[in-house]
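The following paragraphs lead through the model displayed below, from the whole chain to individual contacts. Please keep the sequence and the coordinates in view while reading.

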Amino acid sequence: FGNLMDAGKCSVCGEESFGTGGDHVREKDGPFAVLAWLSILAYKNKDTKPGEKLIGVKDVAMEHWNKYGRNFFSRYDYENVDSDKAAAVMDAVRAVIAGSPAG
């Protein structure tokens, strides 16, 4: 979601630890995640009449997956990596990209 936040197209997003981030404060979990989900659920249920079934987190997730498909992001943090070995990995990645078809 970082690229969407940077482009100003997303201000609340999920993180790999099931927290949320915002375009001004990233890597925040806990209470902000709860407040964000409560806000989403309140909006989704704004027209629900007393006694009607409430829309839950599962419903929101299924709606999202049906529209956009299942998606995920994997992040690898490398600490104390030897610079020469890191440069070799990046050179290999650049070579793969350069040899790949456009689009």
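**From the chain to its contacts**

Where contact means heavy atoms within 4.5 Å, 7% of the contacts in the protein chain between residues at least 6 apart in sequence join residues at least 24 apart. The model is a predicted one, in which local features need pLDDT of at least 70 and side-chain atom pairs count only at pLDDT 80 or more, while totals for chains, interfaces and linings use all residues. Residues are numbered from 1 along each chain as its sequence is written, and side-chain values use heavy atoms, with hydrogens and water left out.

The protein chain contains 4 helices and 2 strands, these being DSSP runs numbered from the N terminus (helices H or I, at least four residues; strands E, at least two). Read from the N terminus, the order of the elements is α-β-β-α-α-α. The accessible surface of the protein chain is about 8700 Å², and carbon and sulfur atoms account for 60% of this surface. Such areas come from the Shrake-Rupley method with a 1.4 Å probe, and for residues only the protein chains shown count as cover. Of the 103 residues in the chain, 13% are classed as buried; the classes of relative accessible area are buried (under 20%), exposed (over 50%) and partly exposed (in between), with a 1.4 Å probe and protein chains only.

One of the buried residues is N45, with a relative accessible area of 14%. N45 belongs to the loop that runs between helix 2 (31–44) and helix 3. When residues up to four places away in sequence are not counted, N45 touches L54 and I55. A polar atom of the N45 side chain lies 2.6 Å from the backbone nitrogen of I55.

Helix 3 covers residues 57–68 and includes H64. The expected span of a helix is 1.5 Å times one less than its number of residues; for the 12 residues of helix 3 this gives 16 Å, and the end C-alpha atoms are indeed 16 Å apart. H64 is partly exposed, its relative accessible area being 32%. Leaving aside residues up to four places away in sequence, H64 touches G69 and N71. G69 comes just after helix 3 and takes a positive phi of about 85°.

Charged side chains form the next topic. Side chains of opposite charge can pair when their charged atoms come close. The structure holds 4 salt bridges, each defined by a side-chain nitrogen of Lys or Arg within 4 Å of a carboxyl oxygen of Asp or Glu. One of them joins K46 and D47, at 3.9 Å from N to O; D47 is exposed, with a relative accessible area of 56%. Another links K53 to D59, with the closest N and O atoms 3.5 Å apart. In this pair K53 is exposed at a relative accessible area of 67%, whereas D59 is partly exposed at 33%.

A further salt bridge, between D91 and R94, has an N to O distance of 3.4 Å. D91 and R94 are separated by about one helical turn because they stand 3 residues apart in helix 4. D91 is partly exposed, with a relative accessible area of 48%.

How many of the 16 residues of helix 4 are buried? The count is 0, and helix 4 is hardly covered. The expected span for these 16 residues is 22 Å, in agreement with the 22 Å between the end C-alpha atoms of helix 4. I97 is found in helix 4, which comprises residues 83–98, and I97 is exposed because its relative accessible area is 58%. Together with V89, M90 and V93, I97 makes a nonpolar surface patch of about 350 Å². Patches consist of residues with over 30% relative accessible area and no salt bridge, like charges being joined within 9 Å and nonpolar side chains (Val, Leu, Ile, Met, Phe, Trp, Tyr) within 5 Å.

Definitions and conventions: Polar contact = N/O pair within 3.5 Å; in protein donor to acceptor, adjacent residues only side chain to side chain.
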